[in-house]
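Here are some short exercises on a ligand site, each with a worked solution. Have a look at the structure first, then work through them.

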Amino acid sequence: MILSPSLLSADCGDFAGALRDLEAAGLRWVHWDVMDGRFVPNITFGQHVIRGLRGRSSLFFDVHLMIEEPERYLADFREAGADMLVVHAEAVRHLQRVLAEIRRLGMRAGIALNPATAPEVLEYVLDDVDMVLIMSVNPGFGGQKFLPSTFGKVRAVRAMLGGRACHVQVDGGVTPENAGELTRAGADVLVSGSSFFGHPPLAERLAVFRAAAE
Ligand code: DX5
Ligand code: ZN
């Protein structure tokens, strides 16, 4: 299981320190929640902030775009240093073209599904994605309550993917209490914000998540 901590729940006054702490604690991924105030009712940070931190971290930058028409900014996020770029199926009109362009630019391509979005949207792009992000809360904020419908959806998405080497990520309200059932259902990447950063020391919290996900 890969844990991808959401910086939204870190000290937003010291992202460089938070990234250093994550690397020191043994994390390999970090989750950037980019929000535009339109696709979701919140605004966070964008490509300029990510660019500023890129040179200070060797972590895998897992960038979650909760923005309208993300196709306008693909090259910007590549230039800023994104390794994985995840767009919402609900925010993109030409999904296959956007996923192909993300890969052409040299990033891994991901699709995010809101809680009410059925896995069937993936049917004709299964070979165009490197990760499916399954939202287990309605996007926009950290610290929300996990939606139990997520377990069945993870199973359904993993079944659709068959033997493809595609990550299944779950994002929102993930804790050590639900991590085991999520990984058994087929998730291999878990995002955690409040349940991770809220329980330092981080290295020990990572061990708790890993033990729960075994
Ligand atoms: C919500 C974001 C999530 C959130 C996770 O829109 O996509 O990544 O920050 O935070 P927790 O783990 O606290 O739900
Ligand atoms: Zn996220």
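**Exercise 1.** How far is an oxygen atom of ligand 1 from an N or O atom in the side chain of Ser6?

Before solving, some ground rules: this is a predicted model, where local features need pLDDT of at least 70, side-chain atom pairs count only at pLDDT 80 or more, and totals for chains, interfaces and linings use all residues. Residues are numbered from 1 along each chain as its sequence is written, chains are lettered from A and ligands numbered from 1 in the order in which they are written, and side-chain values use heavy atoms, with hydrogens and water left out.

*Solution.* Step one: the Ser6 distance comes out at 3.2 Å. Step two: try Ser194, where a side-chain N or O atom is 2.5 Å from a ligand 1 oxygen. Step three: Gly173 joins in through a backbone N or O atom, 2.8 Å from an oxygen of ligand 1.

**Exercise 2.** Work out what surrounds ligand 1.

*Solution.* Start with the 20 residues around ligand 1: Asp33, Gly140, Asp171, Gly193 and Ser194 come nearest. Next, sort the shell by type, which gives 7 nonpolar, 11 polar and 2 charged residues. Finally, look for strands: S2 (29-35), S3 (60-66) and S8 (189-192) each supply at least two shell residues, and S2 has the largest share, with 3.

**Exercise 3.** Is Gln169 buried or exposed?

*Solution.* Locate Gln169 in strand S7, residues 167-171. Gln169 is buried (under 20% relative accessible area, 1.4 Å probe, protein chains only), because its relative accessibility is 0%. Its side chain also makes a polar contact (a pair of N or O atoms within 3.5 Å, one able to donate a hydrogen and the other to accept it) with the side chain of Asp62, at 2.8 Å.

Note on methods
A residue is near a molecule or strand if one of its heavy atoms lies within 4 Å of it. Helices (H or I, at least four residues) and strands (E, at least two) are DSSP runs, numbered from the N terminus. Ala, Val, Leu, Ile, Met, Phe, Trp, Tyr, Cys and Pro count as nonpolar, Asp, Glu, Lys and Arg as charged, and the others, Gly among them, as polar. Buried means under 20% relative accessible area, exposed over 50%, partly exposed in between (1.4 Å probe, protein chains only).
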